[in-house]
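This report introduces a protein structure to a reader who has not met it before. Its topics are pockets, helices, backbone geometry, cysteines and distances along the chain.

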Amino acid sequence: QMRERLVNIAKAQRKPILGHFELTARCNLDCKMCYVHNQNNAEALRNELTTDQWKRIFDEAYNCEMLYATLSGGECLVRKDFKELYLHLWNKRVMITIMTNGTLLNDDYVEFFKIYQPELIQVSLYGSSEEGYLQVTGHKGFEKAIAAISTLQEAGIDVRVAVTPSKYMKDDFINILRLCKEKGFYSPLTDITLVPN
């Protein structure tokens, strides 16, 4: 792959062409296994870098020949300036991956990403039902996340599902993988052969 070749060349030349930026510690979920653990409050907001600070960091990385950027959090879509930050990179022709829980990916965001396409959107799934989501995240979010993945696919946006097993998922992990297979969602884990119960 071209990306892999470029990364190998960059390593040899000691050039940072990959950038990963955690834009916020805030999240609209409260996952039990998360080290951030739902700091979606005023204090967390005060501790964040400003829009201009992030832009300066992006510019520094770009000037060091960054070609690929990943935007994550927390949940990066909770930032009111997310589109502005995203476009700052997109207008430089940086290839952007977004890591999200998918629950905030409404129609407005889908239309935005249809125009300003990212390289990839990675959506994390935490359960195969609302009950599973409540167990892991403390919130309902299953239907929103599933709808977002389907809508992104229909819009022609490259989307991948991430599933991170934890003790809080228990046996639901297998159900999530089955769900991904049934709905045609791509996840590296869906290539695993599932043994029937």
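The second largest pocket of this predicted model encloses about 220 Å³ of space. Its lining is made up of Arg3, Thr70, Thr97, Glu119, Leu120, Gln122, Asp158, Val159, Arg160 and Tyr186. Two elements, β4 and β5 (159–162), each give two or more residues to this lining. By character, the lining of the second largest pocket divides into three nonpolar, three polar and four charged residues.

The largest pocket holds about 540 Å³ of space. It is lined by 25 residues, and those closest to its centre are Cys34, Gly73, Gly74, Ser124 and Tyr126. At least two lining residues come from each of the strands β1 (18–22), β3 (95–100) and β4 (120–124). The lining of the largest pocket comprises 11 nonpolar, 11 polar and three charged residues. Strand β4 thus appears in the account of the largest pocket and also in that of the second largest pocket.

The table sets out the two pockets.

| Pocket | Volume | Nonpolar lining residues | Polar lining residues | Charged lining residues |
|---|---|---|---|---|
| Largest pocket | about 540 Å³ | 11 residues | 11 residues | three residues |
| Second largest pocket | about 220 Å³ | three residues | three residues | four residues |

**Backbone geometry**

Two of the residues named at the centre of the largest pocket, Gly73 and Gly74, also share an unusual link. Most residues other than glycine have a negative phi, and most peptide bonds are trans. The bond between glycine 73 and glycine 74, however, is a cis peptide bond, with omega about 25 degrees. Glycine 74 belongs to the loop that runs between β2 (68–72) and α4 (82–90).

Positive phi values occur at several residues that are not glycine. Arginine 93, for one, has a phi of about 65 degrees. This arginine 93 sits in the loop between α4 and β3 and is exposed, its relative accessible area being 60%. Lysine 170 likewise has a positive phi, near 55 degrees. It is placed in the loop between β5 and α8 (172–183), and lysine 170 is exposed as well, with a relative accessible area of 61%. A further case is arginine 14, which follows helix α1 and has a positive phi near 55 degrees.

**Two helices**

Helix α1 covers residues 2–13, and at 1.5 Å a residue its 12 residues should span 16 Å; the C-alpha atoms at its ends lie 17 Å apart, which agrees. Helix α3 covers residues 51–63, and its 13 residues should span 18 Å at the same rise of 1.5 Å a residue; its end C-alpha atoms are 18 Å apart, again in agreement.

Which residues of α3 are buried? They are Thr51, Trp54, Lys55, Phe58 and Ala61. These buried residues lie on the same side of α3, because they cover an arc of only 125 degrees around the axis. On the face of α3 turned away from this buried side are the exposed residues Glu60 and Asn63.

**Cysteines**

A disulfide is a covalent bond between the sulfur atoms of two cysteines. How many disulfides does the model contain? The count comes to zero. The cut-off for a disulfide is a pair of cysteine sulfur atoms within 2.5 Å. For cysteine 27, the closest cysteine sulfur is that of cysteine 31, at 6.1 Å, so the two are too far apart for a bond. Seen from cysteine 31, the closest cysteine sulfur is that of cysteine 27, also at 6.1 Å and too far for a bond. Cysteine 27 counts as buried at 14% relative accessibility, and cysteine 31 counts as buried at 8%.

**Distances across the chain**

Two pairs of residues give an idea of separations within the model. Methionine 2, part of helix α1, is exposed with a relative accessible area of 53%. Its C-alpha atom is separated by 32 Å from that of valine 78, which is 76 residues apart from methionine 2 along the chain.

The other pair involves threonine 103, in the loop between β3 and α5 (107–115). At 11% relative accessibility, threonine 103 counts as buried. Threonine 103 and tyrosine 62 are 41 residues apart in sequence, and their C-alpha atoms are 30 Å apart in space.

Key:
Residues are numbered from 1 along each chain as its sequence is written. This is a predicted model: local features need pLDDT of at least 70, side-chain atom pairs count only at pLDDT 80 or more; totals for chains, interfaces and linings use all residues. Side-chain values use heavy atoms; hydrogens and water are left out. Buried means under 20% relative accessible area, exposed over 50%, partly exposed in between (1.4 Å probe, protein chains only). On a 1 Å grid over the protein atoms alone, a cavity is a set of points where a 1.4 Å probe fits but cannot get out, and a pocket is an open set with protein on both sides within 12 Å along at least five of seven lines; lining residues have an atom within 4 Å of a point. Grid points are joined across faces, edges and corners, and a volume is the space filled by probe spheres set on the points. Helices (H or I, at least four residues) and strands (E, at least two) are DSSP runs, numbered from the N terminus. Ala, Val, Leu, Ile, Met, Phe, Trp, Tyr, Cys and Pro count as nonpolar, Asp, Glu, Lys and Arg as charged, and the others, Gly among them, as polar. The expected span of a helix is 1.5 Å times one less than its number of residues. The arc is that of the directions from the helix axis to the C-beta atoms.
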